[in-house]
Protein chains: 2
Amino acid sequence: MTTYRTVRGMRDFLPADLAKRRFVEEKVRECFNFYGYDEVETPILESFDLISAKAGDEIRHRMYAFKDLGGRMIALRPEITPSIARVVANKLRTEVKPLKLGYIANCFRYDNPQMGRYREFWQAGFELFGSSHPVADAEVLAVNNELMRRLGFTDFSIKIGHVAILRQVFTDEGVAEADQNRLMELMDKQEHTKAYHLLSDLKVSDDCQATMKGLFKLRGTDWKNLLEKGRQLLQQKEGALAALDNLEAIIGFTRSLGVKTELFMDLGFARGLEYYTGMIFEVFVPGLGIALGGGGRYDHLVELFGGEPLPAVGCAPGIDRIALALEKKGLFPDQLTHVEKVLVVSIQKELLPKALELASNLRKQGVAAHNEVTGRSVGSALSYAGKKNYRYAVLVGSTELERQCVILRDMKAEAQREVPITNLFNEIAFR
Amino acid sequence: MTTYRTVRGMRDFLPADLAKRRFVEEKVRECFNFYGYDEVETPILESFDLISAKAGDEIRHRMYAFKDLGGRMIALRPEITPSIARVVANKLRTEVKPLKLGYIANCFRYDNPQMGRYREFWQAGFELFGSSHPVADAEVLAVNNELMRRLGFTDFSIKIGHVAILRQVFTDEGVAEADQNRLMELMDKQEHTKAYHLLSDLKVSDDCQATMKGLFKLRGTDWKNLLEKGRQLLQQKEGALAALDNLEAIIGFTRSLGVKTELFMDLGFARGLEYYTGMIFEVFVPGLGIALGGGGRYDHLVELFGGEPLPAVGCAPGIDRIALALEKKGLFPDQLTHVEKVLVVSIQKELLPKALELASNLRKQGVAAHNEVTGRSVGSALSYAGKKNYRYAVLVGSTELERQCVILRDMKAEAQREVPITNLFNEIAFR
């Protein structure tokens with residue numbers, strides 16, 4: 001007999017695990033909806049052209065790409081950003097701005113499966129298109145902050161940086177964009193020494209090298225002081241100073257928005273994607289080595305995908321990672337897996353219709369009353385009710401029925417008593 | 001500039017359309033959860049072996065199948081049943097029975113796109129494993145009935161049949177299973193004449209031919225009378241009579257379960273899949289030519305996918321088709337697209353932090369207060385609030401602020417007045 005298995009790197013979500021993922025998804029959706037971000041959904045299959053247009057090599061070599069029966073080269077999306085940019089550039093081009101969109105979606109990458117990493121993974125996101133004002137950046141941070149609180153995290157921090165500071169320093173020095181991207185990539189990987197070497201190879205001025213080294217050191221939670229030090233370091237560098245002012249304004253607005261979370265500022269911080277043009281951030285909880293999500297400003301995103309220029313700031317909370325963190329910290333609520341419910345069983349076979357009717361009436365009143373559907377003995381049915389965590393069993397028997405009563409069994413207390421049918425709902429309605 | 005498009009046959013769900021799909025999904029989930037069906041989710045990518053094992057030619061030739069980077073032949077699921085059978089046969093093998101599972105999932109088929117038909121479509125389902133008792137069949141019908149009511153349909157009917165009646169007649173006559181499948185396929189396509197010809201070619205007895213012709217005529221809403229006629233037609237045919245009794249028992253139990261919906265009985269009714277072994281059904285609303293969903297009993301399903309024998313009955317409500325029907329009948333609730341909300345705008349730039357703070361406080365009290373995030377003029381912000389259907393705008397200006405007040409503008413009435421900040425929540429809290 002053949003045994004069929006899941007494809008390597010894929011997951012079956014059984015009820016307990018799925019309930020957890022749905023809990024996270026629901027919190028994310030609730031949260032971005034509350035702030036006015038409308039949910040959209042794009043297809044899993046996209047044209048290879050779209051997906052590969054701006055993808056880094058890391059993604060490009062790990063795509064599920066193939067030809068469909070019509071000969072089109074298509075791919076399972078490895079990320080959502082290109083799809084959202086496509087929709088904004090085309091179908092939502094004429095919508096009033098700002099445009100605030102949210103999404104929750106699965107993506108596919110042929111990565112090496114390992115603990116907590118799968119080839120199909122869930123990603124949420126929300127993006128604000130049409131504002132370059134720092135309050136827009138602050139709002140995205142505030143929604144992330146509220147999401148973490150709503151999920152039940154009390155102890156988390158936000159790492160914040162700004163790619164335009166260093167990019168402006170490089171641009172002023174005449175460093176080509178491709179070289180800037182290489183530098184950013186090294187920074188993203190925390191390979192500062194390699195970044196120094198690359199900068200030497202590029203033969204930039206001593207002043208520029210010193211500025212970069214200086215910025216790399218500006219890391220910590222005392223962001224007011226770090227901003228002040230940054231300002232000293234960047235004297236005369238107008239573009240970089242403007243970026244620093246932008247970062248300060250963003251932080252100020254997050255405070256007006258009620259964000260009290262600790263900020264870890266890092267002026268040498270970069271994120272993988274080349275899209276970013278301004279503020280960037282990542283969200284961390286202690287004891288988990290990876291960011292639960294992150295984002296930033298990418299003002300050229302829509303243009304990159306064929307749209308008209310439109311400033312944008314957004315983020316991507318990782319559903320899988322958040323679920324992992326909630327699990328590790330024991331923050332999933334108990335009710336996810338414990339639903340109060342009632343199993344209705346007939347003692348005599350001929351009373352089955354009466355039992356069905358009783359269950360149906362309870363359901364009409366909103367009680368999750370389930371029917372015993374196998375025709376097995378009362379003992380087997382009760383044993384099932386115990387294993388499945390039923391709160392009550394209702395036994396419908398001829399003796400009690402003559403008195404218009406049924407037996408109500410409390411499965412936890414393992415006690416039972418006779419109850420008039422007319423009182424049944426009140427006896428088991430859950431307060 | 002490149003314009004990227006969706007791949008042919010795929011859909012973008014923009015906010016209004018997605019809200020509708022989510023409404024349907026939520027009703028389905030709510031409904032099967034209430035009856036004790038636990039949600040599971042299986043991966044979109046499955047092994048080609050699993051997917052093609054029992055698929056009919058129609059599905060097999062329309063699959064998105066390809067080799068992954070590891071050389072595995074994989075496919076995007078064209079239906080969910082094999083995946084659910086795989087999970088039940090393996091991971092849930094030792095679970096207590098009955099096992100009640102539900103799911104909501106997207107599937108992929110390379111069909112010709114046309115009005116309302118796409119290459120990515122949404123399918124729900126719920127299945128009851130581990131009971132061959134007719135009350136299990138009745139429960140699946142009852143959940144479908146409740147789902148239709150919860151969705152808002154008042155005028156719908158359930159078409160019901162039983163494949164074991166005719167199959168038993170054929171089996172008694174010595175018709176091979178492959179030929180039976182061909183006959184069932186013709187019946188499914190309503191090609192009765194071709195079925196008669198095939199039966200003649202198979203050289204079955206006149207009695208058998210007469211029985212089939214007789215059963216084909218037993219169609220209508222007067223199911224008690226039709227069952228009686230069926231009984232006369234099937235005299236002496238014990239197997240077929242037992243199937244007829246089973247159908248009668250199922251219908252009886254649906255009545256105990258409170259199902260009052262009109263049943264259209266059709267004893268010559270068959271459904272596409274060869275899996276079916278007993279009762280089958282489809283749900284219809286008037287004026288829509290297609291079934292919104294359907295299902296039946298398939299007692300060998302789990303075995304077919306490598307599991308131990310386990311009776312099963314289930315169904316598959318079509319999410320896309322239900323949405324289409326709700327749309328056509330105008331049954332989607334208004335609130336899906338009209339959320340009451342408040343836009344908070346600062347009149348003077350320097351009051352932006354104060355406006356952010358006010359909005360943040362309203363949110364803490366549960367009001368969907370949104371920030372104006374672009375820095376534009378008050379006039380532009382109000383025009384935006386109008387276009388986006390905001391219920392209120394709150395204007396924060398220095399004159400009113402001196403009196404601890406703000407301006408509350410009713411966007412529908414186009415009227416505004418001064419309101420003390422301390423009263424703001426009570427003035428706009430939605431009752």
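These questions and answers look at two helices of chain B and one helix of chain A in a predicted model.

Reader: At what angle do the axes of α1(B) and α13(B) cross?
Author: Helix α1 of chain B covers residues 15-34, and helix α13 of chain B covers residues 319-328. Their axes come within 9 Å. They cross at roughly 115 degrees.

Reader: Are α1(B) and α13(B) roughly parallel or roughly perpendicular to each other?
Author: Angles of 65 to 115 degrees count as roughly perpendicular. The crossing is at roughly 115 degrees. The two helices are therefore roughly perpendicular.

Reader: Is the crossing of α1(B) and α13(B) left-handed or right-handed?
Author: The crossing of these two helices has a hand. For α1(B) and α13(B), that hand is right-handed.

Reader: How many residues of the contact of α1(B) with α13(B) are nonpolar?
Author: α1(B) brings residues including B:F23, B:V24 and B:V28. α13(B) brings, among them, B:I319, B:I322 and B:L326. The contact has no polar residues and four charged ones. The nonpolar residues number seven.

Reader: Why do the buried residues of α8(A) line one face of the helix?
Author: Helix α8 of chain A covers residues 192-201, and its buried residues are A:H192, A:A195, A:L198 and A:L199. On the other side, A:T193, A:H197 and A:D201 are exposed. The buried ones line one face because, seen down the axis, they fall within an arc of 115 degrees.

Reader: Which helices do the buried residues of α8(A) pack against?
Author: These buried residues include A:L198 and A:L199. Their partners belong to chain A. They are α6 (163-172), α7 (177-188) and α9 (206-217).

How values were computed
Residues numbered from 1 in each chain as written. Chains lettered and ligands numbered in written order. Predicted model: local features only at pLDDT ≥ 70, side-chain atom pairs only at ≥ 80, totals over all residues. Heavy atoms only, no water. Axes fitted to C-alpha atoms, helices over the stretch in contact; angles between N-to-C directions. Helix = DSSP H or I, 4+ residues; strand = E, 2+ residues; numbered from the N terminus. Parallel < 35°, antiparallel > 145°, perpendicular 65-115°, else oblique. Left-handed = near helix turned anticlockwise from the far one by under 90°. Contact = heavy atoms within 4.5 Å. Nonpolar A, V, L, I, M, F, W, Y, C, P; charged D, E, K, R; others polar. Buried < 20%, exposed > 50% of the residue type's maximum accessible area, 1.4 Å probe, protein only. Arc of directions from axis to C-beta.
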